Amino acid sequence: MKCKNMDELLSAYANGELTVEQLATADTHLAGCKDCREKLAGYRDVRRRLETLRGVPSAPDITTAMMSRIKLKSNGVHHEFFSGWRRRLMIIVPAVIVLLALLIIQPWNSPLSPQSVLAQAYARMAEIKSYRSVITSISAENRSSNFEIEFTSPDLYHLKQANDNGVREFIIIGDEQYYRGTGVYEETVY
């Protein structure tokens, strides 16, 4: 018999659940297999440990223990302690919520005027090193046009327009400008 077929037999062997024939087969295999003997020893050790748990007294009824604690609290033993904390929490929790809301909203900052918003926008745009935008438009006649615009600081622009008539491309590098068109448009270089 192979070792993989012995696993179930070894567990039953440790529990004393084998028939006489199965016991003879298992003993024959165990006589020549050290690994299976070690597994059987492990199963027997687990069984011995489980049997020692029978001597441990069972836990008391949890319902009785909880009910006795509740009765003690309702009789005033812990009541003063918890009522003081409850009052403190009723003050602390709303105060923390209001403080967090004030930190998020920050009403003490003056509202921004439209001029200052635009000034901030221009300042942020000056910091942009590159961007890419793709715009798709569809006319009333179901004609579509795609515009791709790329910019890389300080002076590189690439614009591409594709529609039903063809593709036009503009590349601007510093003072040099390049144009290429396909379809109805002619290919020219400035």
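Modeller: Before we start, contact here means heavy atoms within 4.5 Å, and please keep in mind that this is a predicted model.

Colleague: Okay, so which residues of α1 meet α2?

Modeller: From α1 they are C3, M6, L9, L10 and Y13, and on the α2 side they meet Q22, L23, A26, D27, H29 and L30. Sorted by class, this contact has 8 nonpolar, 2 polar and 1 charged residues.

Colleague: And at what angle do the axes of α1 and α2 cross?

Modeller: The axes of helix α1, residues 3-14, and helix α2, residues 20-32, cross at roughly 120° and come within 11 Å. Angles from 65 to 115 degrees count as roughly perpendicular and those over 145 as roughly antiparallel, which means that α1 is oblique to α2. The crossing in which α1 passes α2 is left-handed.

Colleague: Switching to the sheet, in what order do the strands come?

Modeller: The 5 strands form an open sheet in the order β1-β2-β3-β4-β5, with antiparallel pairing. Its edge strands are β1 (130-138) and β5 (176-181), each of which pairs on one side only.

Colleague: How many bridges join β1 and β2?

Modeller: There are 9 bridges between β1 and strand β2, residues 144-152, in the antiparallel sense, and Y131, for example, has F151 in β2 as its bridge partner.

Colleague: Where is confidence lowest, and where is it highest?

Modeller: Confidence is lowest in helix α4 (residues 62-74), at a mean of 68, and highest in α2, at 88. Over residues 185-190 the pLDDT is below 50, although this stretch has 16 contacts in the model beyond near neighbours in sequence. Where pLDDT is low, the predicted coordinates should not be read in detail.

Key: Residues are numbered from 1 along each chain as its sequence is written. This is a predicted model: local features need pLDDT of at least 70, side-chain atom pairs count only at pLDDT 80 or more; totals for chains, interfaces and linings use all residues. Side-chain values use heavy atoms; hydrogens and water are left out. Axes are lines fitted to C-alpha atoms, for helices over the stretch in contact, and angles run from 0 to 180 degrees between N-to-C directions. Helices (H or I, at least four residues) and strands (E, at least two) are DSSP runs, numbered from the N terminus. Angles under 35 degrees count as roughly parallel, over 145 as roughly antiparallel, 65 to 115 as roughly perpendicular and the rest as oblique. A crossing is left-handed if the near helix is turned anticlockwise from the far one by less than a right angle, and right-handed if clockwise. Ala, Val, Leu, Ile, Met, Phe, Trp, Tyr, Cys and Pro count as nonpolar, Asp, Glu, Lys and Arg as charged, and the others, Gly among them, as polar. pLDDT is the predictor's confidence in each residue, from 0 to 100. Two strands pair if DSSP finds at least two bridges between them.
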